[in-house]
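Colleague: Please give me a close look at how the side chains pair up in this one. Take me through it contact by contact, and keep it plain enough to follow with the structure open.

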Amino acid sequence: MPDSSDLLLHICCAPCGGGCVNRPEMIAPDRQVTLFYSNSNLDSAEEFEKRLAPVRFLAEYYRLQLIIDPYDHEKWLDAVRGLEDEPEGGKRCRKCFEFNLGRTGQTSGDMAFATTLTVSPRKSSSVIFEIGSRYENFEKIDFKKQNGYLIGRNFAREHNFYRQNYCGCEFSRRQAEIKNKELKS
């Protein structure tokens, strides 16, 4: 396992990760990055595997170690129970961030950790940083800066990564389906 000067990077998906892992302006170039794929929030084991395949490619492409957190959707559902009808970006998302950052923090030990979630324009970096600040070894890296999302999107297109149209849970999928129907009408 890497030492405490290295970084454990929670990765939600390869399109987001592609905008984060090779960013020397964000991560010191001499620092060893280990990816931590933790996505028990995904609505099915099938979706978990669909997103994991390009994450594996990304890890191999950049020669990064990859740790896979076992899929445990029931545990995630327990964490967000009562918030199923919250809108995207609301209290349920906050609980989801707490869940994923908590699992990353537990895995990191005394190694620093950060998350690719901050690259998404749909995620509030300030909320993520607030949650992360509960952990002494969390690093506030805002991967949105300097076109992080665009870099990730272009890398994903170049390598033909699976790109999802919803965050991952069944509740965000349902909201995306409703939005798509409205756009088509």
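Modeller: Start at Cys 169, keeping in mind that this is a predicted model. The closest cysteine sulfur to that of Cys 169 belongs to Cys 167 and sits 6.3 Å away, so the two are too far apart for a bond. Cys 169 is also buried, with 5% relative accessible area. Now go to Cys 16, where the closest cysteine sulfur is the one in Cys 13, at 3.7 Å. That is still too far for a bond, because a disulfide needs the sulfur atoms within 2.5 Å. Cys 16 is buried too, at 12% relative accessible area. The disulfide count for the structure is zero.

So much for sulfur; on to the rings. The count of aromatic pairs comes to 12. One of them is Phe 57 with Phe 161, an edge-to-face pair with 5.7 Å between the centres and 75° between the planes. Phe 57 belongs to helix α2 (residues 45-61), while Phe 161 is in the loop between α6 (148-158) and α7 (170-184), so this contact ties together parts 104 residues apart in sequence. The two rings differ in burial: Phe 57 is partly exposed, at 35% relative accessible area, whereas Phe 161 is buried, at 8%.

Another pair is Phe 113 with Phe 138, which has its ring centres 5.3 Å apart and its planes at 65°, so it counts as edge-to-face. Here Phe 113 comes from strand β4 (residues 112-115) and Phe 138 from the loop between α5 and α6, so parts 25 residues apart in sequence are tied together. Phe 113 is buried, with a relative accessible area of 0%, and Phe 138 is buried as well, at 9%. Back at Phe 57 and Phe 161, you can follow ring pairs further: they link these two with Tyr 61, Tyr 62 and Phe 155 into a cluster.

Next, the charged side chains. There are 10 salt bridges in the structure. Among them is Arg 94 with Glu 130, at 3.0 Å from N to O. This one connects distant parts of the chain, since Arg 94 is in helix α4 (residues 91-108), Glu 130 is in helix α5 (residues 125-132), and 36 residues separate them. Arg 94 is partly exposed, at 26% relative accessibility, and Glu 130 is likewise partly exposed, at 41%.

Stay in helix α4 for another salt bridge, between Lys 95 and Glu 98, at 3.5 Å from N to O. These two residues are three apart within the helix, which is about one turn. Lys 95 is partly exposed, with 35% of relative accessible area. Through shared salt-bridge partners, Lys 95, Glu 98 and Arg 134 join into one network.

Last stop is Arg 81, whose side chain makes a salt bridge with that of Asp 78, at 2.4 Å from N to O. Arg 81 counts as exposed because its relative accessibility is 51%, and the cut-off for exposed is over 50%.

To tie it up: there are zero disulfides, 12 aromatic pairs and 10 salt bridges. If you want one contact from each of the last two groups to turn over on screen, try Phe 57 with Phe 161 for the rings and Arg 94 with Glu 130 for the charges.

Terms used
Residues numbered from 1 in each chain as written. Predicted model: local features only at pLDDT ≥ 70, side-chain atom pairs only at ≥ 80, totals over all residues. Heavy atoms only, no water. Salt bridge = Lys/Arg side-chain N within 4 Å of Asp/Glu carboxyl O. Buried < 20%, exposed > 50% of the residue type's maximum accessible area, 1.4 Å probe, protein only. Helix = DSSP H or I, 4+ residues; strand = E, 2+ residues; numbered from the N terminus. Phe/Tyr/Trp six-rings, centres within 6.5 Å; stacked < 30°, edge-to-face > 60°.
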